[in-house]
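Reader: I am new to this structure. Please take me through one part of it closely, and then show me what surrounds that part.

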Amino acid sequence: MLRRQARLRREYLYRKSLEDKERSILERKRKLRDALEGGRVIPTELQKDALELRKAMKYDDDEREDLAAATHMDDEYVWAGVEDPKIVVTTSHDPSSRLKQFAKELRLIFPNAQRLNRGNYVMSQLVQACVANDVTDLIIIHEHRGDPDGLVVCHLPHGPTASFSLSNTVTLCFLCRHHVYKPPPPPPPPPPPPRIYLQCMR
């Protein structure tokens with residue numbers, strides 16, 4: 001497990017270094033193109049490699065520039081539409097009954113989501129368990145005096161992570177209990193099939 005995490009971390013850092021190198025080359029090409037198209041003097045830092053950059057620019061197009069401008073953050077959408085995401089919804093330590101109900105209803109919003117009891121797990125153990133089970137996103141709900149007030153969404157295994165604040169949260173169970181929300185009536189039963197009488201002729 002530790003070797004796999006170390007290997008994934010090395011691959012992540014290697015891809016990030018390649019992106020930085022590709023981005024710097026792309027920026028130098030853009031400066032050279034702007035100087036040539038505008039009829040200005042080539043910048044001093046580009047005069048040494050101007051000929052090589054000029055030759056490499058012949059084979060560049062808009063699609064290549066878009067690919068070079070992409071970052072490792074775009075990898076989270078590589079399998080979009082191919083594989084369903086696996087989402088885990090959990091809470092902070094010792095959640096209240098209202099927070100548990102809010103987590104249950106939040107699980108129903110996201111497809112292919114599962115609710116996990118936090119228990120005594122610390123954050124590092126929780127993330128390691130999610131990564132080992134190929135979980136794509138981890139959602140953690142926080143509360144203050146029984147009211148859900150925070151939501152953390154973490155994309156695994158390398159991020160990004162976003163934090164949101166919640167206010168005035170109302171659960172569906174509360175709405176139904178106080179008759180604020182009335183579910184639609186059930187559809188009427190289908191009519192019985194028509195009866196056909198046959199008369200025997202003698």
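Reader: How far apart are the end C-alpha atoms of α1, and what should its 37 residues span at 1.5 Å a residue?

Author: Keep in mind that this is a predicted model. The end C-alpha atoms of α1 are 54 Å apart. At 1.5 Å a residue, its 37 residues should span 54 Å, so the two values agree.

Now look along α1 for buried residues. They are Gln 5, Leu 8, Tyr 12, Glu 19, Leu 26, Lys 29, Leu 32 and Ala 35. Just past the helix comes Gly 39, which takes a positive phi of about 70°.

α1, residues 2-38, is also a packing partner of another helix, α5. Turn to α5, residues 123-132. Its buried residues are Leu 126, Cys 130 and Val 131. They cover an arc of only 130° around the axis, which means that they sit on the same side of α5. What do they pack against? The partners are α1, β1 (87-91) and β3 (137-144). Just after α5, Asp 134 has a positive phi of about 60°.

Next, step into β1. Thr 90 is in this strand. Its relative accessibility is 1%, so Thr 90 counts as buried. Leu 126 of α5 is among the residues that Thr 90 contacts. The two are 36 residues apart along the chain, and 9.6 Å separates their C-alpha atoms. Beyond its neighbours within four places in sequence, Thr 90 also touches Leu 116, Asn 117 and Arg 118. Leu 138, Ile 139, Ile 140 and Ile 141 are in contact with Thr 90 too. With Leu 116 there is a polar contact: a polar atom of the Thr 90 side chain lies 3.0 Å from the backbone oxygen of Leu 116.

Finish with a contrasting part, the strand β5. β5 covers residues 161-165. Of its 5 residues, the number buried is 0, so β5 lies largely in the open. Its partner is β4, residues 147-155. The two strands run antiparallel, joined by 5 bridges. One bridge pairs Gly 150 with Ser 165 of β5. Together β4 and β5 form a hairpin, with 5 residues between them. In that turn, Gly 159 has a positive phi of about 95°.

To recap: α1 has the span expected for its 37 residues. The buried residues of α5 pack against α1, β1 and β3. Thr 90, in β1, is in contact with Leu 126. β5 lies largely in the open.

Definitions and conventions. Residues are numbered from 1 along each chain as its sequence is written. This is a predicted model: local features need pLDDT of at least 70, side-chain atom pairs count only at pLDDT 80 or more; totals for chains, interfaces and linings use all residues. Side-chain values use heavy atoms; hydrogens and water are left out. Buried means under 20% relative accessible area, exposed over 50%, partly exposed in between (1.4 Å probe, protein chains only). Helices (H or I, at least four residues) and strands (E, at least two) are DSSP runs, numbered from the N terminus. The arc is that of the directions from the helix axis to the C-beta atoms. Contact means heavy atoms within 4.5 Å. The expected span of a helix is 1.5 Å times one less than its number of residues. Two strands pair if DSSP finds at least two bridges between them. A polar contact is a pair of N or O atoms within 3.5 Å; within protein, one must be able to donate a hydrogen and the other to accept it, and residues adjacent in sequence count only if both atoms are side-chain atoms.
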